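Biologist: I am new to this structure and would love a close look at a single part of it. Please pick one pairing, start there, and then show me what surrounds it.

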Amino acid sequence: MKNNSKINITIWNVNSVRKRLNSIDKFLKAYSPDILMLQEIKVRNDLFPFQFFRDFGYRFIHHEGETTGYNRVAIIAKEDLEIIPKISFIKDARHLAVKIRNDIDLHNFYIPAGGDIPDVSKNIKFKEKLELIDKLTAWFKNNKSKNDKVIIAGDLNIAPLRNDVWSHKQLLNIVSHTPIEVEKLLNLYKSIGFKDSVRKFIPESEKLYSWWSYRARDWEKSDRGRRLDHIWSSGNLDEKVMAANIIKSTRNHDLPSDHVPVSIDINL
DNA sequence: ATGGTTGGTTACCAA
């Protein structure tokens, strides 16, 4: 990557990379991001569609071997990136990190959804989700400072703002928008002074979603979405973020993911 | 208040 150039970073929970090849093909032809960070690729290393991405000119494809085809994230880029150590306590290949421009840490996260019941005494998955976010908050506080250049992105499975969900009132007790999750996520946000690179361009007064359930009869008409996918940059990078985009059109592809891509353009 | 859909080395579980 040349100095002083615009870089597009796109995140996308594809809900199985193999099922989504036609949709990803359409998206890459139209948007051609420099760095593509996928979540929920649901594929083992040996079955990953390497050639598909190489044919689009992506020479850097980073994901890690696990025996199961669940969860998992990948970082794909046009140019080689330096791989940096994973955060050790995140399981199920839900995290990978790289360094860009020699000094910016770029993290790809897939935070667990946390089950259906928003009660830590009845639902271990909800408990583990909250604990993971607490651990991440502590990790950033202990390992990074407000002067470090850090971008964290991915499916965080929490919609923090009132207008990040179709009905604040009706989702208060629904996992992804409960006050306890929102509080935990805000602590992570404040840990080293992250900024929301997408809300920077779209005021909090406007509804904004990145996910629509498969269960709706007509997802677009009912429009009961949530903004679960986020890109945050640390304070000294925020001013270099020049644009953000949620590519809602992919939700109308044949065999779509329930999430749509979220991207930023950043001048580096 | 209930049920609705999708995916995985799948016939249950997670999302």
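Modeller: Let's start where strand 5 and strand 6 (residues 95-100) run antiparallel, joined by 3 bridges. Strands here are DSSP runs of E, at least two residues long, while helices are runs of H or I with at least four residues, and both are numbered from the N terminus. Two strands count as paired if DSSP finds at least two bridges between them. Across this pairing, I84 faces A97 of strand 6.

Before going further, please note that this is a predicted model, where local features need pLDDT of at least 70 and side-chain atom pairs count only at pLDDT 80 or more, although totals for chains, interfaces and linings use all residues. Residues are numbered from 1 along each chain as its sequence is written, chains are lettered from A and ligands numbered from 1 in the order in which they are written, and side-chain values use heavy atoms, leaving out hydrogens and water.

Now step back to the sheet around our pair. This open sheet has 6 strands in the order 5-6-7-8-12-9, and the pairing is mixed. Strand 5 (82-84) and strand 9 (194-196) are the edge strands, each pairing on one side only. On average, neighbouring strands in this sheet are turned by 25 degrees against each other, ignoring direction. Helix 3 (residues 124-143) packs on the sheet and touches strand 7 (104-110), strand 8 (149-155) and strand 9, with a direction about 175 degrees from that of strand 7. Touching means heavy atoms within 4.5 Å, and the angles, from 0 to 180 degrees, lie between N-to-C directions of axes fitted to C-alpha atoms, for helices over the stretch in contact. Helix 5 (residues 179-191) also lies across strand 8, strand 9 and strand 12 (229-234), running at about 120 degrees to strand 9.

There is another sheet to explore. Its 6 strands form an open sheet in the order 3-4-2-1-14-13, with mixed pairing. Here the edges are strand 3 (60-62) and strand 13 (241-246), each pairing on one side only. Its neighbouring strands are turned by 15 degrees on average, direction ignored. Helix 1 (residues 21-31) packs on this sheet against strand 1 (6-13), strand 2 (35-39) and strand 13, and its direction makes about 165 degrees with that of strand 1. Strand 13 pairs with strand 14 (residues 262-267) in the antiparallel sense over 5 bridges, and A243 has D265 in strand 14 as its bridge partner.

Chain A as a whole holds 7 helices and 14 strands, and its C-alpha atoms fill a box of roughly 45 × 45 × 40 Å along the principal axes.

Finally, meet the DNA. Around DNA strand B there are 17 residues (each with a heavy atom within 4 Å of it), and the closest are S16, G69, R94, Y214 and R215. Polar contacts, meaning N or O atom pairs within 3.5 Å, appear here too. S16 has a side-chain N or O atom 2.5 Å from a phosphate oxygen of DNA strand B, and a polar side-chain atom of R18 is 3.0 Å from a phosphate oxygen. R215 instead places a polar side-chain atom 2.4 Å from a base nitrogen of DNA strand B.

Technical notes
Polar contact = N/O pair within 3.5 Å; in protein donor to acceptor, adjacent residues only side chain to side chain.
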